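Trainee: I'm new to this one and would like a close look at a single part. Could you take me through the spot you'd start from, and then link it to its surroundings?

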Amino acid sequence: MDKLLNQFLAVADAGSLSGAATNLFITQPTLTFNMRKLEEQIGTPLFERSSRGVRLTRYGDTLYENAQLMRRLYDNTLDAIADQQRGTERGLSIGSGYSWWTMFLKDMIITYQREFPKSPVQVSLGNQLRLMDQLLSGDISMFLAHEIDGLSSAIGTDFVPLTRVYNAFFVRAGHPLLGDGRSQSDVDAYPVVISSLAESRHERFFDPSRRRTRVETVFDHATYAFRSNSLAACIDYTLSTEAVLLHTHMMRDDFRERGLFEVEQSGEPRRAVTGIYVLKERRGDERIEDMILRITKAAHAVLPPLA
């Protein structure tokens with residue numbers, strides 16, 4: 001892929017010329033010169049520069065989305081050729097939240113490797129926004145997560161729904177919230193723990209017309225007491241404090257064994273759709289469709305039906 005476009009993507013992802021230069025192992029003056037050269041070639045400014053770094057203009061946003069697509073296609077082509085050379089055309093690269101890995105994805109992958117013992121497997125565990133970043137970068141071919149509200153249609157992904165779940169509240173034994181049904185205001189009186197990190201670079205995934213709403217929710221640093229991309233760290237924190245862990249209700253049996261118990265809710269909890277994200281340009285690929293089918297079958301064996 002073109003060197004200037006690769007450098008442009010690095011600047012957009014880092015949010016600064018200095019950070020991108022460090023990641024690319026080149027000098028900042030060289031990178032600055034190259035970005036001005038790219039702007040001259042395209043004929044429009046791509047960045048808004050300030051003392052805090054750089055932000056993409058609307059022209060830069062358009063170039064970013066299409067450059068990401070070009071890089072994915074290029075990298076996918078190279079990967080396919082490498083797989084053919086190694087004779088490992090059934091390799092997997094999947095992303096998942098910790099819950100789905102625990103509940104059914106782990107067993108599905110073990111079964112898959114028994115069928116294709118020479119297939120290399122890469123599994124990335126993390127929150128939905130990090131996994132989306134990895135999907136768009138070509139590091140994984142699909143991932144399992146809650147449907148992302150407000151996602152920009154320009155991202156170029158398909159979503160295959162699997163089930164509906166709700167976020168439950170989990171607390172340590174003896175917590176005051178355990179017992180009778182509790183309202184949202186009852187829960188709000190206690191610190192909240194969330195097993196995901198909101199990173200500002202992920203704001204670009206959302207529809208600009210809804211960006212303000214997303215910033216006030218997903219990226220609001222005032223709505224939680226403790227946040228980590230490690231579920232184990234969140235569990236440890238919740239076990240040691242009066243905090244409430246917000247997580248899918250499907251993990252309640254697993255959490256109970258670890259000493260966390262679900263708070264009974266007085267009202268009907270709001271349910272969200274969980275499913276598989278995959279790039280639109282990969283739909284129809286035999287291996288991708290086969291893996292979607294395998295994941296769907298494994299998920300339906302343990303998850304409630306989509307209603």
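Mentor: Let's start at Thr57, which touches Pro45, Leu46, Phe47 and Glu48, leaving aside residues up to four places away in sequence. Keep in mind that this is a predicted model. Thr57 lies in the loop between strand 2 (53-56) and helix 4 (58-86). Is Thr57 buried or exposed? Thr57 has a relative accessible area of 10%, and the cut-off for buried is under 20%, so Thr57 counts as buried.

Now follow one of those contacts, Phe47, a bit further. By the ring-pairing rule the count comes to six aromatic pairs. Phe8 and Phe47 make up one that is tilted, with 5.5 Å from centre to centre and 50° between the planes. Those two numbers are the usual way in: a pair of aromatic rings is described by the distance of the centres and the angle of the planes. The Phe8 and Phe47 pair ties together distant parts of the chain, since Phe8 sits in helix 1 (residues 3-14) and Phe47 in strand 1 (residues 47-50), 39 residues apart. How accessible are the two partners? Phe8 has 0% relative accessibility, so Phe8 counts as buried. Phe47 comes out at 6%, so Phe47 is buried too.

For another aromatic pair, look at Phe170 and Phe255, which are edge-to-face at 4.8 Å centre to centre, with 90° between the planes. This pair also links distant parts of the chain: Phe170 belongs to strand 6 (residues 157-172) and Phe255 to helix 10 (residues 252-258), 85 residues apart. Phe170 is at 0% relative accessibility and therefore counts as buried. Phe255 has a relative accessible area of 0%, so Phe255 is buried as well. Elsewhere, Phe143, Phe159 and Tyr277 come together as one aromatic cluster.

Next, the helices. Two packed helices are described by the angle between their axes and the distance between the axes. Take helix 2 (residues 17-24) and helix 3 (residues 28-42): they pack at about 110°, and their axes are 9 Å apart. What does that angle make them? Angles of 65 to 115 degrees count as roughly perpendicular, so helix 2 and helix 3 are roughly perpendicular to each other. On the helix 2 side the contact uses Leu17, Ser18, Ala20, Ala21 and Leu24, and they meet Gln28, Leu31, Thr32 and Met35 in helix 3. Sorted by class, this contact has six nonpolar, three polar and no charged residues.

Compare that with helix 5 (residues 98-115) and helix 11 (residues 286-302), which pack at an angle of about 135° with their axes 9 Å apart. That angle makes helix 5 oblique to helix 11. The crossing of helix 5 and helix 11 is right-handed. Met103, Phe104, Leu105, Met108, Tyr112 and Glu115 are the helix 5 residues here, and from helix 11 they meet Asp290, Met291, Arg294, Ile295, Ala298, Ala299 and Val302. This contact has 10 nonpolar, no polar and three charged residues.

Finally, step back to the whole chain. There are 11 helices and 11 strands, and 43% of the 307 residues count as buried. Among contacts between residues at least 6 apart in sequence, 72% join residues at least 24 apart. The Phe8 and Phe47 pair, 39 residues apart, and the Phe170 and Phe255 pair, 85 residues apart, give you two places to look for such links.

Definitions and conventions
Residues numbered from 1 in each chain as written. Predicted model: local features only at pLDDT ≥ 70, side-chain atom pairs only at ≥ 80, totals over all residues. Heavy atoms only, no water. Helix = DSSP H or I, 4+ residues; strand = E, 2+ residues; numbered from the N terminus. Buried < 20%, exposed > 50% of the residue type's maximum accessible area, 1.4 Å probe, protein only. Contact = heavy atoms within 4.5 Å. Axes fitted to C-alpha atoms, helices over the stretch in contact; angles between N-to-C directions. Parallel < 35°, antiparallel > 145°, perpendicular 65-115°, else oblique. Nonpolar A, V, L, I, M, F, W, Y, C, P; charged D, E, K, R; others polar. Phe/Tyr/Trp six-rings, centres within 6.5 Å; stacked < 30°, edge-to-face > 60°. Left-handed = near helix turned anticlockwise from the far one by under 90°.
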